[in-house]
Amino acid sequence: MATRAAPDGNGLQPMVRPVGVHTEAVVVRDNASVGWEEFLWHVDHRLGLYVGRPRYDRAFSALTGFDLARGRGELAAFQEWMSARHGGSSLAFWSLVIVETFGDGVTEDRLASDDDHMRAVSNLCQLLRDFLRPQAQTVDQR
């Protein structure tokens, strides 16, 4: 049975569940939805906690699911932004991120090591941050 502690100043409540002889701490957010910046941090730094082995395809799948759950279409706009960065390329954004990370002619099939995958994931997250930053500033100014 889980126990709840009192919320901290950020509305977060640690939950501790007995698991064998160890305990596992889980943070539950009561009063606010997770935004892109927080989600990207988790994808960039803790992907394996959510999808098992941290692979590039699992990262963009998680991002796609997050975008669909939000229902705002940010990844569709990111696709257009990435395409414009590459002269109107019709490649999907996840392929264009690979090109930006490793150079022309490299595809996801050529990601040989865990380091290759994590480098691509980090660049994907950084490009999304770069894309989302001007949008957030516009919303803040309204």
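Reader: Is Glu74 buried or exposed?
Author: This is a predicted model, in which local features need pLDDT of at least 70 and side-chain atom pairs count only at pLDDT 80 or more, while totals for chains, interfaces and linings use all residues. Residues are numbered from 1 along each chain as its sequence is written, and side-chain values use heavy atoms, with hydrogens and water left out. Buried stands for a relative accessible area under 20%, exposed for over 50%, and partly exposed for values in between (1.4 Å probe, protein chains only). Because Glu74 has a relative accessible area of 12%, the class of Glu74 is buried.

Reader: Which side chain is joined to that of Glu74 by a polar contact of 3.2 Å?
Author: Glu74 lies in helix 3, where helices (H or I, at least four residues) and strands (E, at least two) are DSSP runs numbered from the N terminus. Leaving aside neighbours within four places in sequence, Glu74 is in contact (heavy atoms within 4.5 Å) with Asp67, Phe131 and Leu132, among others. A polar contact is a pair of N or O atoms within 3.5 Å, one able to donate a hydrogen and the other to accept it within protein, and residues adjacent in sequence count only if both atoms are side-chain atoms. The partner at 3.2 Å is Trp36.

Reader: Which helix gives the most residues to the largest nonpolar core?
Author: A nonpolar core is a set of buried Ala, Val, Leu, Ile, Met, Phe, Trp, Tyr and Cys residues joined through side-chain atoms within 4.5 Å. The largest one has 27 residues, and those touching the most other members are Trp36, Val43, Tyr56, Leu63, Phe78, Leu124 and Leu128. Two or more residues come from each of helix 1 (36-51), helix 2 (56-70), helix 3 (74-85), helix 4 (93-102) and helix 5 (114-141). With eight residues, the one that gives the most is helix 5.

Reader: Where in the protein chain is confidence lowest?
Author: The predictor's confidence in each residue, pLDDT, runs from 0 to 100, and the protein chain averages 81, with 73% of the residues scoring at least 70. Over residues 15-28 the pLDDT is below 50, although this stretch has 27 contacts beyond near neighbours in sequence in the model. Confidence is highest in helix 3, at 96, and lowest, at a mean of 44, in strand 3 (residues 22-29).

Reader: What pattern does the protein chain follow along the sequence?
Author: The secondary structure comes to five helices and three strands. Read along the sequence, the pattern is β-β-β-α-α-α-α-α.
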